[in-house]
Amino acid sequence: IVGRCALYYLQRLGLSRVGLVERFGCDHSRGSSHSPSRITRSAYVNVDYVRLMQVAHSQEWPRLEADAGERLILPAEGCFFGPAEGKFDDYARAATEAGVDCEVLDVNEARNRFPMFRFPTAVGAVHDHTAGVIAAARTMTALARLAEAAGASLMWDTRVIDVDVTVGPVRLTVQQGDRRIELQAERVLICPGPWATRLLPFLASRLQVALQTVGYFVLSGSQSDFGVGHWPVWGNLGAPDGEIFYGLPAFGREGIKIARHVTSGAAHDPDVIPEQVEPAEIDRLREFLAREFVPSVERLVGAEHCLYTNTSTEDYIVDLHPDNDRVAIAAGFSGHGFKLAPVCGRVLAELVTDGRTSVTEFEAMRRTFSITGP
């Protein structure tokens, strides 16, 4: 998603000879950007991200929707809750400080507003009126369509073997089927997802890949109650034992979506995606649903994997290459990059062409997003 958004903004800046090199096909499921839906929200752990989300909601997503000619964000109330010792207090503080359209509710108010939750360990909830469901698959398709229509060269099923930043133009070695091809470019954006350390080994100490399991469940009751506009997007911020879970309404397939936000543990090889989902992971999701939700689980209707590429702080890396300022890097989106991808795409395009960006909210966070970290 970040690479496609960067390509979109390069074209908006007027660059005509641009291209995308993608290791897999247009609609692949091997990385972090597939499946029908993602969450967008203003509620965040700190005020800087809240302000970036204001740019995303007021400028970049509307611009992309207008160019795509279709709706990519569907409004859905947001409910973000948890115990006092988790991240809830930070969410409440940041939303209040930034002045976004969020309300901080005590637990009784939260139960009245969101009767589908029990809130057994929560001290309250942030009700985010700006939240919504991103039509993720639709967004990915629209970005590819816009790029191709504007004349971009799209190289699918093409693996980047090497990027030589010591020469000018920058030289890329790619593998396409049985052919090895040398490409040259004046400027390069590297958005390699879980394979970041293969192309950028100097990031090895900062990045770790984690396998994420997503489940889709049918709950008891009228199924119309679980769709967008009726069921919230939500996040449980650290209960009962520090773990974070999140979920979305039914959209694009049967069943509500739920996952555990995995940012630590053993590093995972991005080339090895298990064919089967671990039953223990599904059991964790079932246990959470039974504990936190009023409707009971009727059945599991699907599950899938995706990959997180995590930094220790969960802050992104969006920066110029340390050895060549004609090369920009985006990595380590830590499971929360999709909603801010249009902003990051704009930032990358401007960084690699001008060395700085017109997004003042990003400029204020340059150190946070730097290769060396905050």
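## A buried loop residue with positive phi

At 17% relative accessibility, E314 falls under the 20% limit and therefore counts as buried. In this predicted model, E314 sits in the loop that runs between strand 17 (297–310) and strand 18 (317–321), and its phi is near 65 degrees, a positive value in a residue other than glycine.

## A second positive phi, and a cis peptide

D157 also has a positive phi, near 50 degrees, and is likewise a residue other than glycine. Its place is the loop between strand 8 (153–155) and strand 9. With a relative accessibility of 49%, D157 counts as partly exposed, because that class covers values between 20% and 50%.

The loop that follows strand 9 (159–164) and leads to strand 10 (170–176) holds P169. The peptide bond that joins G168 to P169 is cis, with omega at about 0 degrees.

## Nonpolar cores

The largest nonpolar core has 80 residues, and the members that touch the most others are Y316, V318 and L340. Helix 2 (residues 47–68) supplies the largest share of this core, namely ten residues. A second, separate core comprises 24 residues, among them W231, F245, I258 and F293.

Which residues does Y316 touch, once those up to four places away in sequence are set aside? The contacts of Y316 include the aromatic residues Y44, Y49, F333 and F369, together with A331, G332, H336, G337, L340, C344 and T368. L340, one of these partners of Y316, is itself among the three core members with the most contacts to other members.

## The chain as a whole

The secondary structure of the protein chain consists of nine helices and 19 strands. Its C-alpha atoms occupy a box of roughly 60 × 45 × 40 Å along the principal axes. For 374 residues, a compact globule would be expected to have a radius of gyration near 21 Å, so the 20 Å found for this chain agrees with that expectation.

Of the 374 residues, 55% count as buried. Among contacts with a separation of 6 or more, 73% are made by residues 24 or more positions apart in the protein chain.

## Surface and charge

The protein chain exposes about 15,800 Å², of which 47% is supplied by carbon and sulfur atoms. There are 37 positive and 47 negative side chains, and the centres of these two sets lie 3 Å apart.

Terms used:
Residues numbered from 1 in each chain as written. Predicted model: local features only at pLDDT ≥ 70, side-chain atom pairs only at ≥ 80, totals over all residues. Heavy atoms only, no water. Helix = DSSP H or I, 4+ residues; strand = E, 2+ residues; numbered from the N terminus. Rg over C-alpha atoms; globule rule 2.2 N^0.38 Å. Buried < 20%, exposed > 50% of the residue type's maximum accessible area, 1.4 Å probe, protein only. Contact = heavy atoms within 4.5 Å. Areas by Shrake-Rupley, 256 points an atom, 1.4 Å probe, with all protein chains shown as cover. Lys, Arg positive; Asp, Glu negative; His and termini not counted. Charge placed at Lys NZ, Arg CZ, Asp CG, Glu CD. Core = buried A, V, L, I, M, F, W, Y, C linked by side-chain atoms within 4.5 Å.
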